[in-house]
Amino acid sequence: MDDTEETAATPYAEAIGPLPVLRDTTTHAPAWERETSRMGVADSAAHALFRGVDPISPGTIFAKQMDRLPHALVPSLADLSSSITVVRRRREVGYFRRFSSFSEAFHDPVPATPSALELVLPPPYLLPPDGEEPPAPYLTKARDARQGLTGYLVGWHQGEYSSCPLALRGQYYVKAPQWWPDYEVPYGVMAEPPLVLTYAREELRRGDPAAWSVFRAEWAVSTAVALLQAYDERRVVLLYPPRLRDWIRSVGATNIAADARGEPDDEVEGKLLALLRLLDELPHTPAFVERLTNRAPSRRDRAGWVSVILEEGSTDLEGLLNLVGRRALRDAFTRSLPRVREGAEDRRRREK
């Protein structure tokens, strides 16, 4: 692969012209005209979506998506996807070309479980902030779109989704599979949807085995990263469902924790495995969820995490490993129950 060609991408404003300003409708039509004059995009699925959602003013639908993509880049033709005509940010340059190569070599049905072999991008996956991360509300809206019987899998960049009539969504978006609830993260978890959903949306809609294999592996990595970040930043353990934990294990903590050279970070790997073991031992029952909810009834996310208090003087990994073990967990939750019951009693008094 030619690295120069793969990394060739130019800021959209430099290559095409100014981005449309969502609140300035006078910028929509000119921006759309510039966009449609680009080589290789006229017949794209992305443009079909914009035209289909609003045949009269597709420029406005285009503006709703581009409003979320201030760092948009124009890729090389080899890296140009039909599902989106830009690259959302620098770290995603080259993704579609890599996926295309993977897809061409993939001739098998979707494996029983995901593995690192289906990851299109190489490590590292635990990346420092680069100023191009999606804001939390974008990730929350993407999660909201996945819920319910009519849920769809959408990227965080798809600000136009809410403008698409319900009757048309099946033509342009990926329907959430029936099995999805078993792999969904709790509300409030900042896990990015898989990259393949952005750059190979049409392949997913068609049920392409290669695309769905990549989707599962990337979701396992994204949720594992969110699990680690939530622990590092907030000292909480996110309450992932068992089957999602199985996917993370299947891809492998060693692979998820690898650095740019592909070498595993023993500390991160140990931390991820300890978090998964800790989750295995937590009581995932309706009563437990109710107790968590009662701690802060006004917080929609409260049932999705538990706090972790480490022994004084222990490292992150040592502290987590000390918590793993049914006796330690039982003692910890026994100590917490009086406060939970008190909160529930207070709520009953308020309701009276």
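## The largest pocket

A helix here is a DSSP run of at least four residues, numbered from the N terminus, and this numbering gives the names used below for a model that is predicted. The largest pocket of this model holds about 1,300 Å³ of space, and of the 49 residues that line the pocket, the closest to its centre are Arg89, Arg91, Tyr125, Leu127 and Glu192.

Several helices take part in the lining, since helix H1 (3–6), helix H6 (95–105), helix H7 (136–145), H11 and helix H14 (266–281) each supply at least two residues. H11 gives the most to this lining, with 11 residues. Sorted by class, the lining has 30 nonpolar, 5 polar and 14 charged residues.

## Helices H11 and H12

Besides lining the pocket, helix H11 (residues 209–234) packs with helix H12 (residues 242–251), their axes coming within 9 Å and crossing at roughly 100 degrees. Angles of 65 to 115 degrees count as roughly perpendicular, and H11 is therefore roughly perpendicular to H12.

On the H11 side, Arg216, Ala217, Trp219, Ala220, Val221, Thr223 and Ala224 meet Leu244, Trp247, Ile248 and Val251 of H12. The residues of this contact divide into 9 nonpolar, 1 polar and 1 charged.

## Helices H3 and H5

The axes of helix H3 (residues 28–36) and helix H5 (residues 58–66) come within 8 Å and cross at roughly 85 degrees, and these two helices are therefore roughly perpendicular to each other. Their contact is made by His28, Ala31, Trp32 and Glu35 of H3 together with Pro58, Gly59, Thr60, Phe62 and Ala63 of H5, and the residues divide into 5 nonpolar, 3 polar and 1 charged.

Key
Residues numbered from 1 in each chain as written. Predicted model: local features only at pLDDT ≥ 70, side-chain atom pairs only at ≥ 80, totals over all residues. Heavy atoms only, no water. Axes fitted to C-alpha atoms, helices over the stretch in contact; angles between N-to-C directions. Parallel < 35°, antiparallel > 145°, perpendicular 65-115°, else oblique. Contact = heavy atoms within 4.5 Å. Nonpolar A, V, L, I, M, F, W, Y, C, P; charged D, E, K, R; others polar. 1 Å grid on protein atoms, 1.4 Å probe; cavity = no way out; pocket = protein on both sides within 12 Å on 5 of 7 lines; lining within 4 Å. Points joined across faces, edges and corners; volume = space filled by probe spheres on them.
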